[in-house]
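Student: Please take one part of this model and go through it closely. I would like a single connected account rather than a list.

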Amino acid sequence: MTVRTTRRTTALSRLSAVAAVAVAGTLVLTGCGDQTKKDDAPSPSGSAAGAGSATTSGAADTLFSKLPQKYQDSKVIQVGTDASYAPMEQTVDGKIVGIDPDLGAALGEKLGVTLKFTNGKFDGLITSLQTGRSDIVMSAMSDTKARQGGLDDKGKKIGTGVDFVDYYNSGSSLLVQKGNPKGVKSLDDLCGQTVAVQRGTIYEDAFKKQKTTCGSKGLTIQAFDTDAEAQTRVKAGGAVADLNDTPVAAYIAQTSGKGADFEVAGAPSDAGPFGIAVSKDATQLRDALKAAMDAIVADGTYTKILQKWNATTGAVTTVAINGGS
């Protein structure tokens, strides 16, 4: 997705060994097909998106008291997301579902409030925090030092930055047409080619760096508002590869066209954390969210949610604040 603005800047040259089968074997992800087609996506089950409990009895009472007064009064935390990034988040029958919404519902139950998810463009999610349109962001957003510091991809200060509550680890993988007609095994194989990617993500940044590495061979980068558009471009043969998070790439490869459209090329790169983004001045809210995430990890709710989406390979055992690099 989000991103996904430097979703993660990594030494992606390590994408040298083809590992689509390994990825598929460990992530046996099921559900929707091509993200542009939602009719075969999984129906919402278990915790509904944005459906946290409003009760404050028992253990939730203690966590509820940790929230800033405004959320104790409203019983609602507004969550910004880009619901086009299955299995992390997607829209099915008008509802936002996926790993992040299910985790959000579980957090809401612990905190005694509702986490209400609202769809938006990934590259505008951090801005939505600054304008007050969102209280937090949950959108498979990579925790990076640049985002923490409010820096753009060139290191220029463009904002106040955000804090992260880290809750999942994910590598990155290349998504190519089924059969890998261009024989892509690493980023270096993309030189002289055209690639597609979601705008405002660390993966767009990775492609820009690879373009420099390609030198005179060049690399044409087509950036789109959503990853679904980038996928469509690869599927149509207008681009040789898309780059995104490993669980997402594996999910797409296994489900789009019932597995006939795409495959994953190259071994996943080093994993980095996804985090819940919170404004720098919202430390009380940040710490309450961490306490709630600690609670769902400890009681097994967290693991059950990841099992539901077959994405346990990225599970964390310790919830960190600003653990990204």
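Tutor: A residue is called buried when its relative accessible area is under 20%, exposed when that area is over 50%, and partly exposed in between. The model is predicted. The part chosen here is strand 7, which covers residues 162-170 and contains D166.

Start with the sheet. Strand 7 belongs to an open sheet of six strands in the order 5-1-6-13-7-14, and the pairing in this sheet is mixed. The edges are taken by strand 5 (114-119) and strand 14 (320-321); each has a single partner strand, so one side of each lacks a neighbour in the sheet. On one side, strand 7 pairs with strand 13 (residues 272-279) in the antiparallel sense, over eight bridges. In that pairing, G275 of strand 13 is the bridge partner of D166.

D166 itself deserves a closer look. This aspartate is buried and takes part in no salt bridge; K145, the nearest side chain of opposite charge, lies 8.6 Å away. A salt bridge would require a side-chain nitrogen of Lys or Arg within 4 Å of a carboxyl oxygen, so a distance of 8.6 Å falls outside the cut-off. The side chain of D166 does have a polar atom 2.8 Å from the backbone nitrogen of G323. Beyond neighbours within four places in sequence, D166 contacts P273, F274 and G275, as well as D143. Its contacts also include a run from V319 through A320, I321, N322 and G323 to G324. Of these, A320 and I321 fall within strand 14 (320-321).

Another aspartate of strand 7, D163, does form a salt bridge. Its side chain meets that of K280 at 2.8 Å, N to O. The two come from distant parts of the chain, 117 residues apart: D163 sits in strand 7, while K280 is in the loop between strand 13 and helix 10 (283-298). D163 counts as buried because its relative accessible area is 4%, whereas K280, at 34%, is partly exposed. The pair is also part of a wider network of salt bridges that links D163, K280, R286 and D287.

Helix 10 holds another salt bridge, between the side chains of K290 and D294, at 2.9 Å, N to O. These residues are four apart in helix 10, so about one helical turn separates them. Both ends are partly exposed: K290 has a relative accessibility of 22%, and D294 has a relative accessible area of 29%.

The structure holds 10 salt bridges. One of them, at 2.7 Å, N to O, brings together the side chains of D102 and K308. Here too the partners are distant in the chain, 206 residues apart, with D102 in helix 4 and K308 in helix 11 (residues 301-308). D102 is buried, with a relative accessible area of 3%, while K308 is partly exposed at 30%. The setting of D102 is helix 4 (residues 99-111), where 11 of the 13 residues are buried, so the helix is largely enclosed by the rest of the structure.

To return to strand 7: D166 is buried without a salt bridge, and D163 is buried with K280 as a salt-bridge partner.

Definitions and conventions:
Residues are numbered from 1 along each chain as its sequence is written. This is a predicted model: local features need pLDDT of at least 70, side-chain atom pairs count only at pLDDT 80 or more; totals for chains, interfaces and linings use all residues. Side-chain values use heavy atoms; hydrogens and water are left out. Buried means under 20% relative accessible area, exposed over 50%, partly exposed in between (1.4 Å probe, protein chains only). Lys and Arg count as positive and Asp and Glu as negative; His and the chain ends are not counted. A polar contact is a pair of N or O atoms within 3.5 Å; within protein, one must be able to donate a hydrogen and the other to accept it, and residues adjacent in sequence count only if both atoms are side-chain atoms. Contact means heavy atoms within 4.5 Å. Two strands pair if DSSP finds at least two bridges between them.
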